[in-house]
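Load the model in your viewer and set it to a cartoon view. Keep the sequence panel open, since each stop is a selection.

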Amino acid sequence: MKRMLFVFMLCCLMVLPLVGCGGGEAPSGTNAISMQVVAGRSSVSQSFAFPAGVKSLPEGTAQEKVDKYIQELENAIKLKIWNRMFLNYFAIYSQNPNNEFLIGGDYVDFKQAEYNSRTDKVEFSFNFKSYAAWNYYHPKNPSGEEQDEANSENLFLKIDLSQGDFPFAQETENGRVGEIYAKVISDVQEACFDISELENVKAPSFEYQYVTFHKRIHSNADAAIRDGDYYRHIWTSSKEGLSSGKKVELKTVNANRGWWYLVALGSALAIAGITIGSMFISDKTKKFKIENKKKG
């Protein structure tokens, strides 16, 4: 019981951005704002997708109007969501620079927000191409105690149950995460189109996926699917359902400790992308921009 409480407290203390798997498809819900975490055998990456609703616009809508809308939506998501998550990672790197794990290097590849016409969504991802890179940006031990990194992937921690809030239901001082994300989209839509043009554009639902090849992980997911060598756990909610207290629960048996941390982070780390804004990060951002101008 004490072990379970300790693990749950760790889950609550982790406030870094969410992560998913290299090479994985973007989250699938047609009209859902989605987060997908995929733990591969040697890499981890996280993907986000935001429905644009272009395919729901009336036939005959001027292409120039649509193109402007897509550009405005991409820019809004970059500025209000992607940039804040990026700054969180940049702050971690700035505190302990390591050229091996430089953002944009061989092991850390961040994809910028971009509209995908096939899925009708604006998508982006954070990809860590080795577990060493993942561990660098997501320290396993928040208490600061040293760990034997050489043996970290072979250590096992028996977890009976881990539980956290549905990511989009997490509350910030500005509202729930899902509501904030949805407002970014609706604000751009209302600025670019008349009300009559948005009649068939539905309010987004919310979807969180955790994908792993570890078959001993069981969950309370709304759907659990075998996808080739992987197991896909999917939680969904409507906007109204965000206030229902929905939980993400995972049961594990002899789970590798590294896998558990991925699960915990997957449900606990969405908030930082919105709440981050410390003076440290602000100063680092200014320096980052100045350095970029010099290089340009």
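The stops below go from the whole chain to single strands and residues.

**Whole chain.** Keep in mind that this is a predicted model. Select the protein chain and colour it by secondary structure: there are 7 helices and 12 strands. Of its 296 residues, 50% are buried. Switch on a surface and you are looking at about 15400 Å² of exposed area, 49% of which is supplied by carbon and sulfur atoms. Among contacts with a separation of 6 or more, 72% are between residues 24 or more positions apart.

**Strand 1.** Select residues 32-39, which make up strand 1. How many of its residues are buried? The count is 8 of 8. Show the side chains and take the two faces in turn: Ala-32, Ser-34, Gln-36 and Val-38 lie on one side, and Ile-33, Met-35, Val-37 and Ala-39 lie on the other. Both faces are covered.

**Strand 2.** Add residues 44-51, which are strand 2. Strand 1 and strand 2 form a hairpin, with 4 residues between them. Their pairing is antiparallel and runs over 6 bridges. To find one register point, pick Val-37, whose bridge partner in strand 2 is Gln-46.

**Strand 8.** Now add residues 205-212 for strand 8. This strand pairs with strand 1 in the parallel sense, over 8 bridges. Ser-34 has Glu-207 as its bridge partner here. Stay on Glu-207 and display its side chain: it makes a polar contact with the side chain of Gln-209, at 2.9 Å. Is Gln-209 buried or exposed? Its relative accessibility is 0%, so Gln-209 counts as buried.

**Glu-59.** Return to the end of strand 2 and follow the chain into the loop that leads to helix 2 (63-95), where Glu-59 is placed. With 83% relative accessibility, Glu-59 is classed as exposed because the cut-off is over 50%. Draw a C-alpha to C-alpha distance from Glu-59 to Glu-197: the two are 9.7 Å apart in space and 138 residues apart in sequence.

**The three-stranded sheet.** Finish with strands 5, 12 and 9, an open sheet of 3 strands in the order 5-12-9 with antiparallel pairing. Strand 5 (162-165) and strand 9 (218-219) are at the edges and have a single partner strand each, so one side of each has no neighbour in the sheet. Select residues 247-251 for strand 12, which is joined to strand 9 by 2 bridges. At His-218, the bridge partner in strand 12 is Lys-251.

Note on methods
Residues are numbered from 1 along each chain as its sequence is written. This is a predicted model: local features need pLDDT of at least 70, side-chain atom pairs count only at pLDDT 80 or more; totals for chains, interfaces and linings use all residues. Side-chain values use heavy atoms; hydrogens and water are left out. Two strands pair if DSSP finds at least two bridges between them. Buried means under 20% relative accessible area, exposed over 50%, partly exposed in between (1.4 Å probe, protein chains only). Contact means heavy atoms within 4.5 Å. Accessible areas come from the Shrake-Rupley method with a 1.4 Å probe; for residues, only the protein chains shown count as cover. A polar contact is a pair of N or O atoms within 3.5 Å; within protein, one must be able to donate a hydrogen and the other to accept it, and residues adjacent in sequence count only if both atoms are side-chain atoms.
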